[in-house]
Amino acid sequence: MNDVLLSVRDLVVEFPKRDKVLTALDHINLEVRRGEILGMVGESGAGKSLTGAAIIGLLEPPGRIAHGEIVLDGQRIDNLPYGQMRRIRGRKIGMVFQDPLTSLNPILTIAEQLIETIRTHLPMNEKQARERAVELLEEVGIPAARRRLDDYPHHFSGGMRQRVVIALALAGEPDLIIADEPTTALDVSVQAQIIDVLKRLCRDRGASVILVTHDMGVIAEAADRVAVLYAGRVAEIGPVRQVVKDPSHPYTVGLMGSIPSVVHDIDRLTQIPGSMPRLDNIPQGCAFNPRCSQVHDRCYRDRPNLIAVESKPDNQVACWLFDERASS
Amino acid sequence: MLAMLIRRLIQSIVVMLVVAFIAFSLFQFVGDPINNMVGQEASAQERAELRERLGLNDPIPIQFMRFVGNAAQGNFGISYRMARPVSAVIAERLPATLELAMISAFFALSMGIGLGVYTALKRSGVLSNFIMTVSLIGVSLPTFLIGILLIYIFAVELRWLPSFGRGQVVRISDWWTTGLLTPSGRASLILPAITLGLFQLTLIMRLVRAEMLEVLRTDYIKFARARGLAQRSIHFHHALKNTLLPVITITGLQLGTIIAFAIITETVFQWPGVGLLFINAIRFVDVPMMSAYLVLIALVFVVINLIVDVLYFVVDPRLRATKH
Ligand SMILES: Nc1ncnc2c1ncn2[C@@H]1O[C@H](COP(=O)(O)OP(=O)(O)O)[C@@H](O)[C@H]1O
Ligand SMILES: [Mg+2]
């Protein structure tokens, strides 16, 4: 069996505007292997959420996939008709959003939401689905799950609601979970628990996870590999140990260097001068060139693609510094 | 729940008292009741006696209390114009107005919600845009003009429907006559019901559309899509339920205004309801009739408000007392 579950190839996402077309994702390439947790980091606006939305086929118009392909389990899914894609959502790809307070329908009970989701994807009757719902709630660590089943979302705390959200995302037993900043909106005290639940359940099921987060501590602790996004492009992707401890791309170097172990939040980094360009203002060549300390002529001219880094197996970086042909 | 209900009830009573005071004041300011009751030839002494007998010399607060006490029992005195008890005349006319209001409320609600949902789901469709444009016209045309237009088209030109009256009615109990049981009664209802309901329809439609669009943008709808739920369920179960919640309040109030605004429609279509009664009462300065109508309309609003509150409570789980 192929060990790649999801592969995103040259994905371009555009927003047509009145007078021009904004390219929000510009040739994104990444793979998610079976059973792994791929961390995804980058400043706000780097394109993390859009990547997730494109994969699950829920880009909001006028946003559209203009180029590239998304292959899940050997099947191309970016061009599927609505009816077929719907059966992939929830069943093959699950999604966990950022804010558990707004992710649940306020006027339906937890049971109603869980049972409907279970029965959409699995051949169960009402009673079986209800039992399954109790099991799911127990698995995500809701105390007295059976009794809480008929409660409404507002009866739960934020952390508990995110557990319910995870249960809902897992209800169709998907192979891939996209968790978009699942703990950002939560109390610091419960963040680690939620990541633990997510990690444990996905490991038990052999499901893969794309874990979008601002928290480098979480990445270091939970992820197997990590992708660094910058201005709608992948700057670097590779095993966590290499990317976090021994980064290659100058942007990643700045990112990691600027994060002493206590400050986890990427948006508060200040060590790299300047800020990420807006979509209508991305420079020619390498998007990072205005801020890069090791910039040279070529960076202003040509855009670097992901290339393997010698001496670091499995690491890929989009930077001309690592182009062997040029340096040899 | 109970506390809220009691608070609302007290508020309602205060509102009713204020309206009652206004209705009561009519007697003080609009003409001299004695003049309306006795002929020109009555002597000054006769007038004074009548005044004393009717309690018109008592202090105002006492008179007001008496008015409220009588009104609470449905007693608004004798109509100057018809020389019959006001309550009896109103009871006779009420079925016509209520029937018209019900039918047009049903028409406004069902079409309003249906079209609102449709135009929200098919946001950029040709038909949606057409409906939105027409509805704009609907909001801006005055009711009487719509009524006259409908009469011109369907009664005068096409001769499909009657232009005035209630048609043939059937008495189904001592206090209720209905036009719903005869073909002519039903046909007579159509034009006035549309005229009366059109404005509310467009309001409800625009409200439902805006609210539905809002709901469709929420995280829980996105999450429902991301779980692969059926489109139909997302739209009509998850989204519509949340849409209708805030719509209930406003719609409830709209239904109150339907009864109040029936005056214009009833005048245009010569519909024998309480609205027409009120217009005629004004024309003849029939003060007891006017004051009774004021109190009645206020009562309708207050009762609808109470029902809406309770309904909202029943529908929204967040307002119900927590189980734990
Ligand atoms: N509807 C839209 N129209 C135009 N630009 C958009 C739209 N949605 C997102 N973008 C842009 O796409 C980029 C990536 O957004 P996003 O994926 O949400 O970033 P993040 O990495 O913070 O999740 C941002 O620059 C954002 O401004
Ligand atoms: Mg985001």
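# A quick tour of chains A and B

A:Pro62 sits in the loop that links H1 with strand E4 (64–72) in chain A. The peptide bond leading into A:Pro62 from A:Pro61 is cis, with omega near 10°. This is a predicted model, and here is a look around it, from the contact between the two chains to the empty spaces and a few local details.

**Where the chains meet**

- The contact involves 24 residues of chain B and 33 residues of chain A.
- Chain B and chain A bury about 2,500 Å² between them, and 59% of that is on carbon and sulfur atoms.
- One salt bridge turns up across this interface. Its partners are A:Glu60 and B:Lys222, whose closest N and O atoms are 3.6 Å apart.
- Eleven residue pairs are in polar contact across the interface, counting pairs with both residues at pLDDT 80 or more.
- On the chain B side, the elements that give two or more residues to the contact are helix H9 (219–226) and helix H10 (231–268). H10(B) has the largest share of that side, with seven residues.
- Sorted by class, the side of chain B that touches chain A holds seven nonpolar, eight polar and nine charged residues.

**The largest pocket**

- The largest pocket holds about 1,200 Å³ of space.
- It has 37 lining residues, and the closest to its centre are A:Leu58, A:Leu59, A:Glu60, A:Pro61 and B:Arg225. You've met two of these already: A:Glu60 from the salt bridge with B:Lys222, and A:Pro61 from the cis peptide bond.
- Elements from both chains give two or more residues to the lining: helix H1 (48–56) and helix H2 (82–88) of chain A, plus H5, helix H8 (183–216), H9 and H10 of chain B.
- H1(A) gives the most to this lining, with five residues.
- By class, the lining splits into 21 nonpolar, five polar and eleven charged residues.

**Closed-off spaces**

- Rolling a probe the size of a water molecule over the atoms shows where empty space is left.
- The structure has four cavities of 30 Å³ or more.
- The largest cavity has a volume of about 100 Å³. Among the residues lining it are A:Tyr230, A:His249, A:Cys286, A:Phe288 and A:Arg303.
- Strand E10 (residues 233–239) of chain A gives the most to the lining of the largest cavity, with three residues.
- Eight nonpolar residues, one polar and two charged make up that lining.
- Next comes the second largest cavity, with a volume of about 80 Å³. It is lined by 15 residues, and A:Pro250, A:Cys286, A:Cys292, A:Cys299 and A:Cys319 are the closest to its centre.
- The lining of the second largest cavity has eleven nonpolar residues, four polar and no charged ones.

**Chain B's layout**

- Chain B has twelve helices and two strands. Starting at the N terminus, its elements follow the order α-α-α-α-α-α-α-β-β-α-α-α-α-α.
- The C-alpha trace of chain B spans about 85 × 65 × 35 Å along its principal axes.
- B:Arg123 is in the loop between helix H5 (86–121) and helix H6 (126–140) of chain B. Leaving out residues up to four places away in sequence, B:Arg123 touches B:Ser128, B:Asn129, B:Arg209 and B:Leu213.
- B:Arg123 is 15 residues from B:Ala108 in sequence, and their C-alpha atoms are 21 Å apart in space.

**Charge pairs**

- Side chains of opposite charge can pair when their charged atoms come close.
- Over all chains, the count of salt bridges comes to 32.
- One of them joins the side chains of A:Asp314 and A:Arg33, at 2.9 Å from N to O. A:Asp314 is in strand E12 (residues 312–317) of chain A and A:Arg33 is in strand E2 (residues 21–33), so this pair ties together parts that are 281 residues apart in sequence.

**Backbone oddities**

- Most residues other than glycine have a negative phi, and most peptide bonds are trans.
- A:Asp73 has a positive phi, near 55°, and is not a glycine. A:Asp73 lies in the loop between E4 and strand E5 (75–76) of chain A.
- The other backbone point is the cis bond from A:Pro61 to A:Pro62.

Technical notes
Residues are numbered from 1 along each chain as its sequence is written. Chains are lettered from A and ligands numbered from 1 in the order in which they are written. This is a predicted model: local features need pLDDT of at least 70, side-chain atom pairs count only at pLDDT 80 or more; totals for chains, interfaces and linings use all residues. Side-chain values use heavy atoms; hydrogens and water are left out. Helices (H or I, at least four residues) and strands (E, at least two) are DSSP runs, numbered from the N terminus. Contact means heavy atoms within 4.5 Å. Buried area is the accessible area (1.4 Å probe) that two parts lose on being put together, summed over both. A salt bridge is a side-chain nitrogen of Lys or Arg within 4 Å of a carboxyl oxygen of Asp or Glu. A polar contact is a pair of N or O atoms within 3.5 Å; within protein, one must be able to donate a hydrogen and the other to accept it, and residues adjacent in sequence count only if both atoms are side-chain atoms. Ala, Val, Leu, Ile, Met, Phe, Trp, Tyr, Cys and Pro count as nonpolar, Asp, Glu, Lys and Arg as charged, and the others, Gly among them, as polar. On a 1 Å grid over the protein atoms alone, a cavity is a set of points where a 1.4 Å probe fits but cannot get out, and a pocket is an open set with protein on both sides within 12 Å along at least five of seven lines; lining residues have an atom within 4 Å of a point. Grid points are joined across faces, edges and corners, and a volume is the space filled by probe spheres set on the points.
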